[in-house]
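Visitor: I have not seen this one before. Can you walk me through it?
Guide: Yes, here it is.
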Amino acid sequence: MDYDQCPLSLQSNSLNVKNHLYVIEEHGLGPGDPTKPNDEFWADKGRKWNCSANDARGRLCMNCRYYVNATIIKECINHFPAKDLKASALPVTPKWKDMESKPQAYCVMFDITCSPVRTCDNQLMGGPVDDDKMELPQFKDILTKDKDEE
């Protein structure tokens with residue numbers, strides 16, 4: 001594999017953390033602990049998306065159009081420091097809960113590693129982008145395409 005194709009945030013945990021903090025603050029990434037009810041968090045997302053809180057609970061990173069969990073991303077995560085990044089290491093209060101042993105995917109919108117069970121204000125149904133979707137014309141350049149083009 002040509003690791004030069006890997007997103008920079010998967011190569012640099014400091015960049016990944018910086019980008020996470022931005023998305024938490026400016027785009028409502030969360031919830032910090034998905035194992036809790038987080039009723040206020042989901043009610044807020046429902047208002048933003050014009051749906052019920054229960055419907056909002058189904059709009060997760062794992063089914064977002066920007067969530068890439070193709071083999072190339074998994075190989076990048078496993079090859080670079082991103083594999084060691086934990087949600088609990090983010091400098092936020094309260095501390096975030098680790099949901100997986102390592103990041104599972106990559107968000108092309110915000111250049112961060114992703115947990116399938118979190119979401120943000122920009123969640124757009126249509127994912128995940130797996131190996132099969134990476135072959136489709138609309139996704140084939142997703143890792144190199146300027147996100148402002150969409």
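Guide: One term to begin with: a salt bridge is a side-chain nitrogen of Lys or Arg within 4 Å of a carboxyl oxygen of Asp or Glu. This is a predicted model, in which local features need pLDDT of at least 70 and side-chain atom pairs count only at pLDDT 80 or more, while totals for chains, interfaces and linings use all residues. Residues are numbered from 1 along each chain as its sequence is written, and side-chain values use heavy atoms, with hydrogens and water left out.

Visitor: How many salt bridges does the count come to by this rule?
Guide: Five salt bridges. One of them joins K140 and D141, with 3.6 Å between the closest N and O atoms.

Visitor: Are K140 and D141 buried or exposed?
Guide: Buried means under 20% relative accessible area, exposed over 50%, and partly exposed in between (1.4 Å probe, protein chains only). K140 is exposed at 52%, and D141 is partly exposed at 38%.

Visitor: Why can side chains pair in the first place?
Guide: Side chains of opposite charge can do so when their charged atoms come close.

Visitor: Which residue does D121 form a salt bridge with?
Guide: With K45, and the closest N and O atoms are 2.6 Å apart. D121 is in the loop between β3 (112-114) and α6, whereas K45 is in helix α3, so the pair ties together parts 76 residues apart in sequence. Helices (H or I, at least four residues) and strands (E, at least two) are DSSP runs, numbered from the N terminus.

Visitor: And K45, buried or exposed?
Guide: K45 counts as buried, at 1% relative accessibility. Its partner D121 counts as partly exposed, at 23%.

Visitor: What about D44, which residue does that one bridge to?
Guide: D44 forms a salt bridge with R47, where the closest N and O atoms are 3.9 Å apart. Both lie in helix α3 (residues 39-49), three residues apart, which is about one turn of the helix. D44 is partly exposed, with 25% relative accessible area, and R47 is exposed, with 58%.

Visitor: Which residues are linked in a network?
Guide: D44, R47 and K48, through salt bridges.

Visitor: New topic. Where is E135?
Guide: E135 sits in the segment after α6 (131-134).

Visitor: Is E135 buried or exposed, and how far is it from C6?
Guide: E135 counts as exposed, at 65% relative accessibility. E135 and C6 are 129 residues apart in sequence and 17 Å apart in space, C-alpha to C-alpha.
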